[in-house]
Amino acid sequence: MGNEDLDAVDAVDAVDARLGARLAELRAERGWSLGELAERSGVSRSTLSRAERAEISPTASLLNRLCHVYGRTMSQLLSEVEAEPALLVRAADQAVWTDRASGFERRSVSPPHAGLRGELVEGRLAAGADIAYDRPPVPGLEQHIWVLDGSLDVTAQDVEHRLGPGDCLRLRVWGPTRFRCPGPDGVRYALAVVLP
């Protein structure tokens with residue numbers, strides 16, 4: 001492994017460490033035990049503990065469940081572990097988070113700001129990747145999904161939508177959703193998220 005690869009691993013580990021510490025802070029702010037958080041989120045105590053101690057890199061599904069419990073979008077949570085927000089974020093400086101288990105990569109394109117309602121995210125799914133969310137992080141969240149390259153199947157309210165390059169799906173998320181890349185290649189899409 002070269003120095004650049006080691007630097008990238010160290011950066012990912014640092015983000016996981018800050019994320020774990022923030023998750024522990026959010027639980028402590030509410031005065032919840034791991035058991036109480038497990039009941040509220042449907043995530044096992046051991047998984048929550050390991051995520052808070054940065055022994056594991058949380059999956060997108062796990063973060064989604066915790067965001068729901070804490071009333072935050074994923075971008076808000078991730079921005080809370082980044083440095084001071086800026087008005088401009090160059091492409092090379094945009095925060096990238098990877099769910100290695102599912103083959104999902106999430107780039108926070110918009111400069112993070114807790115006080116704003118909208119954000120822009122770039123998503124990438126490897127061919128065959130399939131991510132299911134049991135609920136939105138915030139009920140009634142508005143999403144605009146614009147496919148840039150590849151093909152994406154999005155299921156919401158029990159309706160599946162196949163999107164190809166240039167297609168855009170707008171929806172409000174109230175219940176479970178599923179993002180699946182049918183292949184043969186990966187998919188890259190822009191996701192505009194607007195809080196209700």
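**Exercise 1. Find how strands β2 and β3 pair, and name the partner of Ser108 in β3.**

Step 1. Strand β2 (residues 104–108) and strand β3 (residues 118–125) are joined by 5 bridges and pair in the antiparallel sense. Strands (E, at least two residues) and helices (H or I, at least four) are DSSP runs, numbered from the N terminus. Two strands count as paired if DSSP finds at least two bridges between them.

Step 2. Ser108 has Val121 as its bridge partner in β3.

A note on the model: it is predicted, so local features need pLDDT of at least 70 and side-chain atom pairs count only at pLDDT 80 or more, while totals for chains, interfaces and linings use all residues. Residues are numbered from 1 along each chain as its sequence is written, and side-chain values use heavy atoms, with hydrogens and water left out.

**Exercise 2. Place β2 and β3 in their sheet: what is the order of the strands, and which stand at the edges?**

Step 1. The order is β1-β2-β3-β10-β5-β8, an open sheet of 6 strands with antiparallel pairing.

Step 2. The edges are β1 (96–99) and β8 (168–173); each has a single partner strand, so one side of each lacks a neighbour in the sheet.

Step 3. From one strand to the next, the twist averages 20°. Such angles run from 0 to 180 degrees between N-to-C directions, and the axes are lines fitted to C-alpha atoms, for helices over the stretch in contact.

**Exercise 3. Describe the sheet that holds β9: what is its order, and how many bridges join β9 to β4 and to β6?**

Step 1. 4 strands make up an open sheet in the order β4-β9-β6-β7, with antiparallel pairing.

Step 2. β4 and β7 (159–163) are at the edges with a single partner strand each, so one side of each is left without a neighbour in the sheet. Direction ignored, neighbouring strands of this sheet are turned by 15° against each other on average.

Step 3. Strand β4 (residues 130–133) runs antiparallel to β9 and is joined to it by 4 bridges. Strand β6 (residues 152–156) is also antiparallel to β9, again with 4 bridges.

Step 4. Arg178 of β9 is the bridge partner of Ala132 and of Thr155. Phe179 of β9 is the bridge partner of Val154.

**Exercise 4. Which residues of β9 lie on its covered face, and which on its uncovered one?**

Step 1. In a regular strand the side chains alternate between the two faces of the sheet.

Step 2. For β9 (residues 177–180), Thr177 and Phe179 make up the covered face, and Arg178 and Arg180 the uncovered one.

**Exercise 5. Which residues of helix α2 are buried, and how are they arranged around the axis?**

Step 1. Buried means under 20% relative accessible area, exposed over 50%, and partly exposed in between (1.4 Å probe, protein chains only).

Step 2. In α2 (residues 34–41), the buried residues are Leu34, Gly35, Leu37, Ala38 and Ser41.

Step 3. Seen down the helix axis, these buried residues fall within an arc of 165°, so they line one face of α2. The arc is that of the directions from the helix axis to the C-beta atoms.

Step 4. Gly42 follows α2 and has a positive phi, near 75°.

**Exercise 6. Locate Ala54, Gln157 and Pro184, and describe their backbone.**

Step 1. Ala54 is in the loop between α3 (45–52) and α4 (60–70). Although Ala54 is not a glycine, its phi is positive, about 60°. Ala54 is partly exposed, with a relative accessible area of 29%.

Step 2. Gln157 is in the loop between β6 and β7. Gln157 is not a glycine either, yet has a positive phi of about 50°. Gln157 is exposed, at a relative accessible area of 58%.

Step 3. Pro184 is in the loop between β9 and β10 (187–194). The peptide bond from Gly183 to Pro184 is cis, with omega near 5°.

**Exercise 7. Summarise the protein chain: how many helices and strands has it, and what is its radius of gyration?**

Step 1. The chain has 5 helices and 10 strands.

Step 2. Its radius of gyration is 17 Å, close to the 16 Å from the globule rule for 196 residues, so the chain is as compact as a globular protein of that length. The radius is taken over C-alpha atoms, and the rule is 2.2 Å times the number of residues to the power 0.38.

Step 3. Of the 196 residues, 43% count as buried.
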